[in-house]
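Open the model in your viewer and keep the sequence panel beside it. This tour tells you what to select at each stop and what you will find there.

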Amino acid sequence: MPDPDTKTIPRLKPELKVERPKLHKVLLVNDDFTPRSFVVTVLRTQFRLDDSQAQRVMMTAHQRGVCVVGVFTRELAEEKATAATDMGRRQGYPLLFTTEPEE
Ligand code: TYC
């Protein structure tokens with residue numbers, strides 16, 4: 001039996017609901033002009049992939065049109081996609097990296 005003199009004290013502190021920031025994918029987009037070896041170099045230097053990872057990502061984009069390179073916070077994903085795309089532009093290649101939010 002609850003003691004009739006017992007009072008329930010309302011909780012004053014609201015529960016803090018902290019949302020995890022959404023992660024964003026960096027995607028490598030295929031084109032017909034950028035040399036395969038250059039794509040691999042960009043993946044190794046900008047995304048720190050080892051040679052076999054870089055070859056696999058490059059070949060997947062080559063065969064399927066697009067491949068996920070990695071998943072980062074939005075800011076980092078955008079920085080990396082821009083830096084990697086610029087590396088191709090400086091050599092006159094249409095190499096393209098894009099970003100999109102994870103579901
Ligand atoms: N398709 C290019 C070629 O045959 C190589 C390539 C692969 C370019 C992946 C872009 O995202 C890319 N030279």
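## Stop 1: Thr 85

Select Thr 85: its relative accessible area is 10%, so it counts as buried, the cut-off being under 20%. Keep in mind throughout that this is a predicted model. Thr 85 sits in helix α3, which spans residues 74-90. Now show its contacts, skipping neighbours within four places in sequence. Three residues appear: Leu 95, Leu 96 and Phe 97. Put a distance between the C-alpha atoms of Thr 85 and Phe 97. The value is 5.7 Å, for two residues 12 apart along the chain.

## Stop 2: the whole chain

Zoom out and colour by secondary structure. How many helices and strands does the protein chain have? There are 3 helices and 3 strands. Trace them from the N terminus and the order reads β-α-α-β-α-β.

Next, colour by accessibility. The protein chain has 103 residues, and 30% of them are buried. The chain exposes about 7,900 Å². Carbon and sulfur atoms supply 52% of that area.

Contacts across the sequence are worth a look too. Take those between residues at least 6 apart in sequence: 70% of them join residues at least 24 apart.

## Stop 3: the nonpolar core

Stay with Phe 97, already met as a contact of Thr 85. Phe 97 also belongs to the largest nonpolar core, which has 22 residues. Select Phe 97 together with Val 26, Leu 28, Leu 43, Phe 47 and Val 69: these have the most contacts inside the core. Five elements each supply at least two core residues: β1 (23-29), α1 (36-47), α2 (51-64), β2 (66-73) and α3. Which element gives the largest share? That is α1, with 6 residues.

Now centre on Val 69. Leave out residues up to four places away in sequence, and Val 69 still touches Val 26, Leu 27, Leu 28, Leu 43, Phe 47, Leu 49, Val 57 and Phe 97.

## Stop 4: Val 68

Move one selection over, to Val 68 in strand β2. Is Val 68 buried, partly exposed or exposed? Val 68 is partly exposed, because its relative accessible area of 40% falls between the 20% and 50% cut-offs. Beyond residues up to four places away in sequence, Val 68 touches Lys 25, Val 26, Leu 27 and Val 57. Check the pair Val 68 and Val 26: 42 residues apart in sequence, yet 5.9 Å apart in space, C-alpha to C-alpha.

## Stop 5: the ligand

Select the ligand and show the residues around it. They are Leu 28, Val 29, Asn 30, Asp 31, Thr 34, Arg 36, Val 39, Met 58, Ala 61 and His 62. Leu 28 is a residue you have already selected in the core.

Colour the shell by residue class: 5 are nonpolar, 3 polar and 2 charged.

Which polar atoms should you pick out? Begin with the backbone. A polar backbone atom of Val 29 is 2.8 Å from an oxygen atom of the ligand. A polar backbone atom of Asp 31 is 2.7 Å from a nitrogen atom of the ligand. Then go to a side chain: a polar atom of His 62 lies 2.9 Å from a ligand nitrogen atom.

Switch on the surface. On its own, the ligand has 350 Å² of accessible area, and the protein covers 89% of it. The elements β1, α1 and α2 each give two or more residues to the shell. The largest share, 3 residues, comes from α2.

## Stop 6: two loops

Go to the loop between β1 and α1 and select Pro 35. Pro 35 has 29% relative accessibility, so it counts as partly exposed, between the 20% and 50% cut-offs. Link Pro 35 to Tyr 93: the C-alpha atoms are 8.6 Å apart, with the two positions 58 residues apart in sequence numbering.

Finish in the loop between α1 and α2, where you will find Arg 48. Check the backbone angles here. Arg 48 has a positive phi of about 55 degrees, although it is not a glycine. Arg 48 counts as exposed because its relative accessibility, 75%, is over 50%.

Methods
Residues numbered from 1 in each chain as written. Predicted model: local features only at pLDDT ≥ 70, side-chain atom pairs only at ≥ 80, totals over all residues. Heavy atoms only, no water. Helix = DSSP H or I, 4+ residues; strand = E, 2+ residues; numbered from the N terminus. Buried < 20%, exposed > 50% of the residue type's maximum accessible area, 1.4 Å probe, protein only. Contact = heavy atoms within 4.5 Å. Core = buried A, V, L, I, M, F, W, Y, C linked by side-chain atoms within 4.5 Å. Near = heavy atom within 4 Å. Polar contact = N/O pair within 3.5 Å; in protein donor to acceptor, adjacent residues only side chain to side chain. Areas by Shrake-Rupley, 256 points an atom, 1.4 Å probe, with all protein chains shown as cover. Nonpolar A, V, L, I, M, F, W, Y, C, P; charged D, E, K, R; others polar.
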